Amino acid sequence: MQDPAAQLVDVRTTAEWAYIGAPDLKATGREPIRVEWQVFPGMAVNPDFVSTLVARLAERGAPKDAPLYFLCRSGVRSKAAAIAMTAAGHSRCYNVSGGFEGPHDEEGHRGTKAGWKAAGLPWVQP
């Protein structure tokens, strides 16, 4: 994220943030914005997603044309979130393909084939 206005938006659930880990952006002097796309434990789409994210972006002083990079476990929820924010008028929304953990490998585990973790990008386990 070379653009100083760029933001990483982690749309996973509170449980995922707590138990699976999170991107570590400390080297860039930034923190991801965390807003659940689907609310744990029922997994219904968060009706306040757009308004909550817009408020968090405003708190950071991010302009409406700031690049927004959306991340979830595998890239499905983050794609939906990017589409929702594009529909809300944010022109530079991008889905992080593969998400944080990527698809299942041959043994049924995530985090080894694709995604943030498999790519060796920095992350922390709370």
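This tour moves from the whole chain to a single strand and its two partners in a predicted model.

**Whole protein.** Begin with the full chain in cartoon representation. The protein comprises 3 helices and 8 strands, arranged along the sequence as β-α-β-β-β-β-α-β-α-β-β. Its radius of gyration is 14 Å, close to the 14 Å that the globule rule gives for 126 residues, so the protein is as compact as a globular protein of that length. Aligned to the principal axes, the C-alpha atoms fill a box of roughly 40 × 35 × 25 Å.

**Surface and contacts.** Next, display the molecular surface. The protein exposes about 6,700 Å², of which carbon and sulfur atoms supply 55%. Buried residues account for 43% of the 126 residues. Colouring by charge brings up 14 positive and 13 negative side chains, and the centres of the two sets lie 2 Å apart. Among contacts with a separation of 6 or more, 60% join residues 24 or more positions apart.

**Strand β1.** Now select residues 7-10, which form strand β1, and show their side chains. Gln7 and Val9 point one way, while Leu8 and Asp10 point the other way. All four of these residues, Asp10 included, are buried. In a regular strand, side chains alternate between the two faces of the sheet.

**Partners of β1.** Add residues 68-71, strand β6, which runs parallel to β1 and is joined to it by 4 bridges. Here phenylalanine 70 stands opposite valine 9. Then add residues 33-34, strand β3, also parallel to β1 and joined to it by 2 bridges. In β3, isoleucine 33 stands opposite valine 9. Centre the view on valine 9 to end the tour, with phenylalanine 70 of β6 and isoleucine 33 of β3 opposite it.

Conventions: Residues are numbered from 1 along each chain as its sequence is written. This is a predicted model: local features need pLDDT of at least 70, side-chain atom pairs count only at pLDDT 80 or more; totals for chains, interfaces and linings use all residues. Side-chain values use heavy atoms; hydrogens and water are left out. The radius of gyration is taken over C-alpha atoms; the globule rule is 2.2 Å times the number of residues to the power 0.38. Buried means under 20% relative accessible area, exposed over 50%, partly exposed in between (1.4 Å probe, protein chains only). Contact means heavy atoms within 4.5 Å. Accessible areas come from the Shrake-Rupley method with a 1.4 Å probe; for residues, only the protein chains shown count as cover. Lys and Arg count as positive and Asp and Glu as negative; His and the chain ends are not counted. The place of a charge is taken as NZ of Lys, CZ of Arg, CG of Asp or CD of Glu. Two strands pair if DSSP finds at least two bridges between them.
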